[in-house]
Amino acid sequence: MWSELETDVLVVGSGGAGMFAAIEAVKGGQRVLMVTKGTMGRDGSTIHAFPVIQSPLGHEDTRDNPEVFAEDIMKRGGQISNGKLVRAVAEASIQPVLDLDQWGVPFKKREDGRFIQEESYVPRLSTYPRVIELPGPLSGTPIALALRRRISQLDIDLMEYSLLTSLLTDRGVVVGGVILDRRRGDIYVVKAKAVVLATGACSEVYKTSLCPRSNTADGQAIACRVGAEMVDMEFARFYNSALYPESLRGVNVHAKQLIAAGAKLPYDRSGGEADVGLDPQHSDHGDPVRVFSVVRSGKGSERGGVYFDITGVASESFHDIGCFETGRFLPRLGTSVLELGPGVLVIDGGVRVNADCESSVGGLYATGDLLGGFWGASYTGATGVILALSSGCIAGRRAAKRANSTKMPKPSRVRIKEEVDRLMQLLVRRRKDGVRPSELRARLQETMGRGVGVVRSESGLKGAIEEIRGMKKEISRLSISSSVKVFNNEWVEGLEVENLVETSEMMARAALMRTETRGDHRREDYPSTDEKWMKSIVIKKEGGRMRLTTQPVG
Ligand SMILES: Cc1cc2nc3c(=O)[nH]c(=O)nc-3n(C[C@H](O)[C@H](O)[C@H](O)COP(=O)(O)OP(=O)(O)OC[C@H]3O[C@@H](n4cnc5c(N)ncnc54)[C@H](O)[C@@H]3O)c2cc1C
């Protein structure tokens, strides 16, 4: 029914975090197996990142350094980040850039070899000019490809098109994981002395997301199920993005640049000018909270945004628009009117880790977009990539160190069988009252957008929680249309939707609990920041139940 494999360090995910973790773990003298849902380096958010990355090299202003970087993150995050983690990541944030430089990533540099470091495109994001750039529209591409090349030079085992479906633990310590190979439908049990999770964000809980579709909350739900603590799940950062045409849903729209290039001002359902936050304090995206207000006033567009007429933009000027996606896609539109509204960029919280990126489950490390406690209440722009690279390095190194002094564990056969049965039952389940994974996912995304979106309220959140609880019950009725094992995407979607439902519950319940507005969490019924809430909401599953507690920051 399943095959067994063993490795010292199991790395799950192949974005910037996973690939750096694998490289560091193998440098630590350990056998490494990297498992990823798609093609190494090509799936996940990393390859889609825009051309702005913060790194405190101090080449533009020598006063900049990791300490100042850490202070900036803490300030932006409303001082509720985990200070030790932020400092550790900031401290580790220079070496990966130097490594990438050595591996051929063409960063913009001066003739004397110093990196060019710019002010951030978002005002007041960093104390000193800190953003490094790459030529071309997407920074993620050369970075991901350089990491792929590096990994292929090292002795790292790789399983592509394979997903982690669950972790195996023994007395509070991780001992491996169960993997489904999507290509053949085969199941593998991997024994491991340490596991690094690098599965990215959980953005697919929303219908409109700037992130790739692979971000289905697998790591969040799987870690939480084995007792890992989660933190800051109530904070989510939205950007204005396209809602319509449907083919462009989630494409980032730089409204200010389009207007500068000749587009008309956005308008609402009544034809009146719509405030999307074009004032200088906002970045080129504008402000999704303003769009929310238009929608709340009943004047929103059909899909919950505002209209944006781009007829006046000459097709040749699209190439000059700084935002790659806006410039690339808009000229090909069959329409001159866009609908513009909130799309999620990142969920600030995730698996709670210490400064070694280790979770509350022994030997389980979390990195990149999956970890919680770094951004605190508010995402700092242009720090996603550097967090992924730096936390990947830290986790890979620590996991190797742990593996070095740990014996190969023996996962419980009972637990393995339970998981294999869960997977196989889903594959063959046919019920008259069955629910298709895609249908449940669509309903969940509607619920999350309506109740746990840009601006929240008690009634909206309670309604969403009620609906999510109903969906949890429907998981046992998930039915898929074919029991073919080979490349059965619906089977995978069934596993993903369970993760999405579980993670949505965490986000909604934490958002209901935090009765204040802070950073990326906005409550219309509690519009002010309340000093009493200078604390973290921690989620932990105990006896199958999700418990939320407040804990001192850190
Ligand atoms: C449109 C966009 C623009 C951005 N622009 C910037 C920017 O300019 N600057 C910046 O610093 N940051 C930016 N970011 C953020 C940045 O890209 C991310 O924070 C960072 O790349 C996250 O890296 P990661 O390795 O944690 O996750 P990802 O790169 O998302 O990788 C996750 C990996 O996990 C795999 N995976 C998921 N589930 C499973 C499973 N169950 N089993 C096996 N594998 C699994 C995925 O397939 C993928 O390989 C941007 C993000 C987006 C979406």
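1. The crossing of α13 and α14 in this predicted model is left-handed. Helix α13 covers residues 458–474 and helix α14 residues 489–513; they pack with their axes 9 Å apart, at an angle of about 155°. Angles over 145 degrees count as roughly antiparallel, so that is how α13 and α14 stand to each other.

2. Who meets whom here? On the α13 side you'll find Glu458, Leu461, Lys462, Ala464, Ile465, Ile468, Met471 and Lys472. Facing them from α14 are Val501, Ser504, Glu505, Ala508, Arg509, Ala511 and Leu512. Sorted by character, the residues of this contact come out as nine nonpolar, five charged and one polar.

3. Now to the sheet. This one is open, with three strands in the order β11-β13-β12 and antiparallel pairing. The edge positions go to β11 (236–244) and β12 (306–309); each has a single partner strand, so one side of each has no neighbour in the sheet. From one strand to the next, the twist averages 45°.

4. A closer look at one pairing: β12 and β13 (residues 337–347) run antiparallel and are joined by four bridges. If you want a spot to check by eye, try tyrosine 307, which stands opposite glutamate 339 in β13.

5. Last, a helix on the sheet. Helix α8, residues 288–296, lies across β11, β12 and β13. Relative to β13, helix α8 runs at about 125°.

How values were computed: Residues numbered from 1 in each chain as written. Predicted model: local features only at pLDDT ≥ 70, side-chain atom pairs only at ≥ 80, totals over all residues. Pairing = 2+ DSSP bridges. Helix = DSSP H or I, 4+ residues; strand = E, 2+ residues; numbered from the N terminus. Axes fitted to C-alpha atoms, helices over the stretch in contact; angles between N-to-C directions. Contact = placed C-beta atoms within 7 Å. Parallel < 35°, antiparallel > 145°, perpendicular 65-115°, else oblique. Left-handed = near helix turned anticlockwise from the far one by under 90°. Nonpolar A, V, L, I, M, F, W, Y, C, P; charged D, E, K, R; others polar.
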